[in-house]
Amino acid sequence: MPVMPEARRPYPRVLAVVPAFNEEESVGRTIEELTSVNPDVDVLVVDDGSGDHTARVARRAGAIVCQLPYNL
């Protein structure tokens, strides 16, 4: 079976993992700063069981969000 060649990127892909607990006031600004420095960065916010709107704010700012059901 023929093997498909891998797509080569001119630069490595970057993932920024941002842990957050009750950070609705600052998480949006943090994501904006990360993406302003590197517009190609993928941002993953790990919402560690926040009781506020951290996950919603992070999604609106363009991050991928993993929401944990309770604080670990």
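This passage describes the overall fold of the chain, its one salt bridge and the surroundings of Leu68.

The model is predicted. The chain contains two helices and three strands, which follow one another along the sequence in the pattern β-α-β-α-β. Of the 72 residues in the chain, 24% are buried. The exposed surface amounts to about 5500 Å², of which 55% is supplied by carbon and sulfur atoms. Among contacts between residues at least 6 apart in sequence, 55% link residues that are at least 24 apart.

One salt bridge was counted in the model. It is formed by the side chains of Arg13 and Asp42, with an N to O distance of 2.9 Å. Arg13 belongs to the segment before strand 1 (15-20), whereas Asp42 is part of strand 2 (residues 42-48), so the pair ties together parts of the chain that are 29 residues apart in sequence. The two partners were also assessed for accessibility: Arg13 is exposed, with a relative accessible area of 58%, while Asp42 is partly exposed, with a value of 23%. In general, side chains of opposite charge can pair when their charged atoms come close.

Leu68 is located in strand 3 (residues 64-68). With a relative accessible area of 25%, Leu68 is partly exposed. When neighbours within four places in sequence are left aside, the residues in contact with Leu68 are Val46, Asp47, Asp48 and Gly49. For Val46, the separation from Leu68 is 22 residues in sequence, and the C-alpha to C-alpha distance is 7.4 Å.

Conventions
Residues are numbered from 1 along each chain as its sequence is written. This is a predicted model: local features need pLDDT of at least 70, side-chain atom pairs count only at pLDDT 80 or more; totals for chains, interfaces and linings use all residues. Side-chain values use heavy atoms; hydrogens and water are left out. Helices (H or I, at least four residues) and strands (E, at least two) are DSSP runs, numbered from the N terminus. Buried means under 20% relative accessible area, exposed over 50%, partly exposed in between (1.4 Å probe, protein chains only). Contact means heavy atoms within 4.5 Å. Accessible areas come from the Shrake-Rupley method with a 1.4 Å probe; for residues, only the protein chains shown count as cover. A salt bridge is a side-chain nitrogen of Lys or Arg within 4 Å of a carboxyl oxygen of Asp or Glu.
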